[in-house]
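Open the model in your viewer and keep the sequence panel beside it. The tour goes from strands to cavities to pockets.

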Amino acid sequence: MRTTKIFITISALFLALGASAEGFMSDLSINGRIGYAIGGTAPVDLPASIRKLNKYVLQPNFSVGVDATKPISGRWGVTFGVKYENKGMNEDAQVKNYHEAIVRGGEMLDGRFTGDVTTQVRQWMVTLPLQANWRASRSLNLRIGPYLSILTSKSFTGYAHNGYLRVGNPTGPKVELGDDQSTRGNYNFTEHMRPLQWGVGMGADWYSGHRVGLYADISWGMSGVMRSSFKTIEQSLYPIFGTLGVTYNLR
């Protein structure tokens with residue numbers, strides 16, 4: 001008898017949950033997205049030691065994801081979802097008196113560098129956005145809210161070249177760094193990268209028809225890509241990216 005009561009109770013609970021889920025899903029809008037991002041990993045306040053950008057190379061910063069929007073009240077709703085994306089960067093900058101730690105000829109050197117620095121960043125991640133959604137018109141939606149990213153693959157490498165390093169301080173011994181692999185100074189800070197990132201994203205969806213539309217997003221990292229204990233790069237580096245893509249209304 002007791003077993004029967006337990007069975008009936010569990011069955012009733014599952015039926016209630018199913019009915020609740022069915023009610024929740026009844027007005028849910030589901031969209032698939034494919035996009036491409038352009039941006040970089042950089043300090044918010046550009047320091048005087050970074051003089052200019054010599055080169056910027058586009059990276060495979062593709063994203064694919066799905067999200068759902070639940071109407072709440074009037075034109076307002078909440079959007080939540082998941083996407084897989086890369087926030088990569090490949091750039092070369094001219095610096096002066098820039099704090100750097102490098103390896104040259106098997107020797108570790110730390111000091112102030114003047115010359116060119118090439119940095120290559122790769123950050124593949126699963127991102128979970130949660131955004132307030134406002135339907136501005138039948139064809140335009142506006143979104144804003146926080147996100148959490150879990151990194152699945154990452155690297156932060158580069159080299160200092162075409163300049164010189166003052167070992168220890170700006171008046172220390174001078175070490176010339178060339179342009180080829182044997183004379184430049186390499187660095188690899190991958191082990192110091194955070195496994196989690198968070199920030200704020202905002203975007204807009206524009207639909208030309210019932211199903212297919214275009215979207216534009218901006219994501220601004222609030223957590224630096226490096227752990228707080230990492231001090232080699234004096235400024236905190238934040239991922240700041242803009243994405244353009246296509247969205248398709250699945251439901």
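Two strands pair if DSSP finds at least two bridges between them. Strands (E, at least two residues) and helices (H or I, at least four) are DSSP runs, numbered from the N terminus. With that in hand, select β10 and β11: they pair in the antiparallel sense over 9 bridges.

Before going on, some ground rules. This is a predicted model, in which local features need pLDDT of at least 70 and side-chain atom pairs count only at pLDDT 80 or more, while totals for chains, interfaces and linings use all residues. Residues are numbered from 1 along each chain as its sequence is written, and side-chain values use heavy atoms, with hydrogens and water left out.

**Whole chain**

Colour by pLDDT, the predictor's confidence in each residue, from 0 to 100. The protein has a mean of 89, and 90% of its residues reach 70 or more. Now select 13–19: here the pLDDT is below 50, and beyond near neighbours in sequence the stretch has 0 contacts in the model. Contact means heavy atoms within 4.5 Å. Where pLDDT is low, the predicted coordinates should not be read in detail.

Switch to cartoon. You have 1 helix and 12 strands. The helix comes before the strands in the pattern α-β-β-β-β-β-β-β-β-β-β-β-β. Of contacts between residues at least 6 apart in sequence, 74% join residues at least 24 apart. Buried residues (under 20% relative accessible area, with exposed over 50% and partly exposed in between; 1.4 Å probe, protein chains only) make up 40% of the 251 residues.

**Strand β10**

Go back to β10 (196–207). Show its side chains. Which residues point to the buried face of β10? Q197, G199, G201, G203, D205 and Y207 do. L196, W198, V200, M202, A204 and W206 point to the other face and are not buried.

Next, add the strands paired with β10. β7 and β10 pair in the antiparallel sense over 11 bridges. Pick L148 and its bridge partner in β10, W198. For the pairing with β11, pick D205, which stands opposite Y215. β10 and β11 form a hairpin with 4 residues between them.

**Cavities**

Turn on a cavity display. On a 1 Å grid over the protein atoms alone, a cavity is a set of points where a 1.4 Å probe fits but cannot get out; a pocket is an open set with protein on both sides within 12 Å along at least five of seven lines; lining residues have an atom within 4 Å of a point. Grid points are joined across faces, edges and corners, and a volume is the space filled by probe spheres set on the points. How many cavities of 30 Å³ or more does the whole structure hold? The search finds 2.

The largest cavity has a volume of about 280 Å³. Select K83, P129, Q131, R143 and D217, the closest to its centre of the 24 lining residues. Strands giving at least two residues each to this lining include β6 (107–135) and β7 (140–167). The lining divides into 9 nonpolar, 8 polar and 7 charged residues. Here Ala, Val, Leu, Ile, Met, Phe, Trp, Tyr, Cys and Pro count as nonpolar, Asp, Glu, Lys and Arg as charged, and the others, Gly among them, as polar.

The second largest cavity holds about 50 Å³. Select A37, K83, E85, K87, D217, I218, S219, F241 and T243, which line this cavity. β11 gives the largest share, 3 residues. By class, the lining has 3 nonpolar, 2 polar and 4 charged residues.

**Pockets**

The largest pocket has about 550 Å³ of space. Of its 23 lining residues, S29, R135, R138, N141 and N249 are the closest to its centre. The lining has 4 nonpolar, 11 polar and 8 charged residues.

The second largest pocket has a volume of about 460 Å³. Select T41, A42, P43, I50 and E91, which lie nearest its centre among 26 lining residues. β5 (89–104) gives the largest share, 6 residues. This lining divides into 18 nonpolar, 4 polar and 4 charged.

**Last stop: P43**

Centre on P43, in the loop between β1 (29–42) and β2 (50–57). Why does P43 count as buried? Because its relative accessibility is 12%. Leaving aside neighbours within four places in sequence, P43 is in contact with Q235, S236 and L237. P43 and S236 are 193 residues apart in sequence, yet 5.6 Å apart in space, C-alpha to C-alpha.
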